[in-house]
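Biologist: Hi, have you got a few minutes to go through this one with me? I'll put it up so we can both look.

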Amino acid sequence: MDRPSVTLRDAKPLYEEGILFARHLDAIAPFYRIMLGRRVVQTIAKAFTQLGHDLCYRNTILAERNGAIIGMISGYATDGHRASVGPPLIEALGGRAMRMRIMMRLMRRQQWFLGQYAEGDFYIQGFAVSEDLRGQGIGSALMDAMEERARASGAKRLILNVGAKNEGARRFYDRRGMAIEAGWPKLPGMPPFVLRMVKPF
Ligand SMILES: CC(C)(COP(=O)(O)OP(=O)(O)OC[C@H]1O[C@@H](n2cnc3c(N)ncnc32)[C@H](O)[C@@H]1OP(=O)(O)O)[C@@H](O)C(=O)NCCC(=O)NCCS
């Protein structure tokens, strides 16, 4: 496939970039909306501009065409990682963090599955291309760039979680050599909602 003209670049600590990042993340990861409620986009955008946690701008690569952001991928090396997304989101919520604290308690089993890492894992936490521009190679370019970053960090595996019913994304990962390692929840007679996919380097 011919690659469309698209520029990839590291994200900057700008609230406006955080808003675009957060919109993409909100569209693919319902977890954040459940946790943060209707201010989900603004809250993530605010945290995005700050250093030292998962949703920080430093973990994100953006795809741009004609000055417009049309895709993003976000990931980090998990070594030494301690579920560090909570405090910056609580801070960004100001005095309105009660809902998030309750939801985090209720969802801790799912969080436990989503947050399991092995030594040397590099975790992709968000990946999306604008809907009208999918299927043009932009996602492949973003994933190539993030894989390069993962390898450069010394990671041994690329890992991510994908909705079991997200067939398009699963096909994409499958073609890139990712394989299903586990599913959540593990209940008799019930298919999992979320799959963990991995690719060893
Ligand atoms: C998954 C995604 C990021 C891939 O980006 P992309 O720019 O469409 O990917 P590419 O053009 O490089 O690769 C195309 C491949 O992606 C897969 N794909 C997934 N969704 C697709 C879509 N809506 N349109 C076209 N291809 C899609 C197909 O396997 C396709 O290969 P094919 O055309 O040979 O069937 C993008 O489709 C997307 O944003 N999906 C919605 C968000 C999402 O599900 N993110 C992953 C969460 S885990």
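Biologist: Is S130 buried or exposed, or something in between?
Modeller: S130 is partly exposed, because it has 17 other C-beta atoms within 10 Å. The cut-offs are 20 or more other C-beta atoms within 10 Å of a residue's own for buried, 12 or fewer for exposed, and partly exposed in between, with C-beta atoms placed from the backbone. Keep in mind that this is a predicted model, where local features need pLDDT of at least 70, side-chain atom pairs count only at pLDDT 80 or more, and totals for chains, interfaces and linings use all residues. Residues are numbered from 1 along each chain as its sequence is written.

Biologist: Thanks. Where is S130 placed?
Modeller: S130 is in the loop between strand 4 and helix 7. Helices (H or I, at least four residues) and strands (E, at least two) are DSSP runs, numbered from the N terminus.

Biologist: And what is S130 in contact with, leaving aside its neighbours within four places in sequence?
Modeller: I70 and G71. Contact here is C-beta atoms, placed from the backbone, within 7 Å. The C-alpha atoms of S130 and A63 are separated by 10.0 Å, with their positions 67 residues apart along the chain. A63, in turn, stands opposite G71 in strand 3.

Biologist: OK, tell me about the sheet. What order do the strands come in?
Modeller: The order is 1-2-3-4-5-7-6, in an open sheet of seven strands with mixed pairing. Strands count as paired if DSSP finds at least two bridges between them. Strand 1 (7-10) and strand 6 (179-184) stand at the edges with a single partner strand each, so one side of each has no neighbour in the sheet. The twist from one strand to the next averages 25°.

Biologist: How do strand 1 and strand 2 pair?
Modeller: They are antiparallel, over four bridges. R9 has L62 in strand 2 as its bridge partner, and T7 has E64. L62 also has a bridge partner in strand 3, namely M72.

Biologist: What joins strand 2 and strand 3?
Modeller: They form a hairpin with two residues between them, and N66 in the turn has a positive phi of about 50°. Their pairing is antiparallel over six bridges. Strand 3 then runs antiparallel to strand 4, joined by seven bridges, and A77 stands opposite F122 in strand 4.

Biologist: How many of strand 3's residues are buried?
Modeller: Seven of its ten, so I'd call it mostly covered.

Biologist: Which helices pack on the sheet?
Modeller: Helix 1 touches strand 2, strand 3 and strand 4, and its direction makes about 95° with that of strand 4. Helix 7 touches strand 1, strand 2, strand 3, strand 4 and strand 5, at about 30° to the direction of strand 3. Those angles, from 0 to 180 degrees, are between N-to-C directions, using lines fitted to C-alpha atoms, for helices over the stretch in contact.

Biologist: Which residues of helix 1 are buried?
Modeller: G18, L20, F21, A22, H24 and L25. Their cover includes helix 2 (30-36), helix 3 (40-48), strand 2 (60-65), strand 3 (68-77) and strand 4.

Biologist: Changing topic: what surrounds the ligand?
Modeller: There are 19 residues around the ligand, and the closest are R134, G135, G139, S140 and G168. To be counted, a residue needs its C-beta atom, placed from the backbone, within 6 Å of the ligand. Strand 4 (121-129), helix 7 (138-152), strand 5 (157-163) and helix 8 (167-175) are the elements giving two or more residues to that shell.

Biologist: Which element gives the most?
Modeller: Helix 8, with five residues.

Biologist: And what is the shell like by class?
Modeller: It has nine nonpolar, seven polar and three charged residues. Ala, Val, Leu, Ile, Met, Phe, Trp, Tyr, Cys and Pro count as nonpolar, Asp, Glu, Lys and Arg as charged, and the others, Gly among them, as polar.

Biologist: Last one: how much of the protein chain counts as buried?
Modeller: 32% of its 201 residues.

How values were computed: Contact = placed C-beta atoms within 7 Å.
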